[in-house]
Amino acid sequence: VTGQDFLIRRRLVAADLAECRLDALIVSHGPNIRYLTGFSGSNALLFLSGDKSLLFTDPRYEIQAGEETTCKVRVAQGSLLTVLAKSIRRRSVRRIGFEKSCLSFGAYETLKKALPPGVSLTPSGGVVELRRMVKSEDEIALIRRSVLTNSRAFAGSIRYIRPGVRESDLAAHLEFRMRRLGAQAPAFEAIVAFGERSALPHARPTAKTLVNNQLLLIDMGANVDGYASDMTRMAFLGRPGPRVRRMYDAVLRAQLAAVSSVREGVTAEEVDRAARRVLKVEGLDRAFVHSTGHGLGLEIHELPRLGKGDRTFLKAGMAITIEPGVYLQGFGGIRIEDTVLVTRNGCDVLTPTSRELIVL
Ligand code: ZN
Ligand code: ZN
């Protein structure tokens, strides 16, 4: 991604702002700032307006900002908000949007007080996030790399699955391998859950050890140059009984049905419905307690949400996950998750790892 690409992104968002009758947008959400400028430091604010955008950060990030962005940078001593307000007072902008879900009330109050009465602050929702849904070729290449790195880290960790291993040991192996393979970090804390604990969709790894005849759920993702991947696979230590087999088969068929429903032009909720329909026939729909998937990119959870009520039309270039699951308290849970790329006529399943239950 070049400086020119970031400039084009800022121009597109500025055009969206004009449609909402806004002169400028204060961007405070880190991943949005990274998307629009390339800057990945943790303390920054972006004032976006036409092509006169200005990035504010503090002296710790001066060198990094010089390396990462071609956007004009103002290195501020002290509060970024105060310096930003001062800079706004010198401009002829009147209607300024701010990210309503990413600016604290305290920050809003500070800004409001520092701005002249003629300047209005308007809550704005998801202008940048909507633009981020469809990925560019460069972004797709990074997501592919992230997915491959993640799958390799998984494949290299299977040999550690044996009696006596702790959930936390396995999580540590996965993250270690991932970093050795070039990931900067995990995209999120790996979920490793044994036995009954797999019924917790977002279980945190504990010191619990693996014993024979147990299911295990592994949900992991890599962060490669800022881009996320996401995959869930199931294994069984011993010989899975008919109940596990039946549940696994139902979730796999639901996952395949959802994957085959993906193509440009269908809505996000239609994909969710495709998975739910299969589980309903099996009487397992009530055990499917979350949505079928989510967009991913610079963040692990992005738009769209593949669930009931999201009528976003899928478009070629969207990267999404497909991850139906069923969870039975006291027994366990099963989820199968792939990262896929929406195409004109269907989708490209990026995850290369087999979807079969891994029997060890
Ligand atoms: Zn996941
Ligand atoms: Zn996911």
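So, strands E9 (residues 214-220) and E12 (residues 231-237) run antiparallel to each other, paired over 7 bridges. Pairing here takes at least two DSSP bridges between two strands, and the elements themselves are DSSP runs numbered from the N terminus, with helices being H or I of at least four residues and strands being E of at least two. One bridge to look at: Gln214 has Leu237 in E12 as its partner.

Before I go on, this is a predicted model, where local features need pLDDT of at least 70 and side-chain atom pairs count only at pLDDT 80 or more, while totals for chains, interfaces and linings use all residues. Residues are numbered from 1 along each chain as its sequence is written, chains are lettered from A and ligands numbered from 1 in the order in which they are written, and side-chain values use heavy atoms, with hydrogens and water left out.

Back to the sheet. It's an open one of 4 strands, in the order E8-E9-E12-E20, with mixed pairing. At the edges you have E8 (191-194) and E20 (358-359), each pairing on one side only.

Okay, aromatics. A search of the whole structure turns up 3 aromatic pairs. The criterion is ring centres within 6.5 Å for Phe, Tyr and Trp (its six-membered ring), and planes under 30 degrees apart are stacked, over 60 edge-to-face, the rest tilted. Phe39 and Tyr61 are edge-to-face, at 5.7 Å centre to centre and 85 degrees between the planes. That pair links distant parts of the chain, 22 residues apart: Phe39 is in the loop between helix H2 (30-37) and strand E2 (44-48), and Tyr61 is in the loop between strand E3 (54-57) and helix H3 (62-68). And are these two buried or exposed? Phe39 is buried at 1% relative accessible area, and Tyr61 is buried at 14%. For the cut-offs, buried is under 20%, exposed is over 50%, and partly exposed is in between, using a 1.4 Å probe and protein chains only.

Then there's Phe98 with Tyr108: centres 5.2 Å apart and planes at 45 degrees, so that one is tilted. Phe98 sits in strand E5 (residues 95-99) and Tyr108 in helix H5 (residues 105-114), so the pair ties together parts 10 residues apart in sequence. Phe98 is buried, at 8%, whereas Tyr108 is partly exposed, at 22%. Add Phe105 and you have one aromatic cluster of Phe98, Phe105 and Tyr108.

We also have charges over rings, meaning NZ of Lys or CZ of Arg within 6 Å of the ring centre and within 35 degrees of the ring normal. Arg243 lies over the face of Phe331, 4.0 Å from the ring centre, and Arg276 lies over Phe288, also at 4.0 Å.

Last topic, pockets. On a 1 Å grid over the protein atoms alone, a pocket is an open set of points where a 1.4 Å probe fits, with protein on both sides within 12 Å along at least five of seven lines, and lining residues have an atom within 4 Å of a point. The largest holds about 350 Å³, a volume being the space filled by probe spheres set on points joined across faces, edges and corners. Its lining has 17 residues, with Tyr35, Leu130, Arg131, Val134 and Lys135 nearest the centre. Helix H1 (3-19) gives the most to that lining, 4 residues.

The second largest pocket has about 270 Å³. It is lined by 21 residues, and closest to its centre are Ile191, Pro201, His202, Asp219 and His301.
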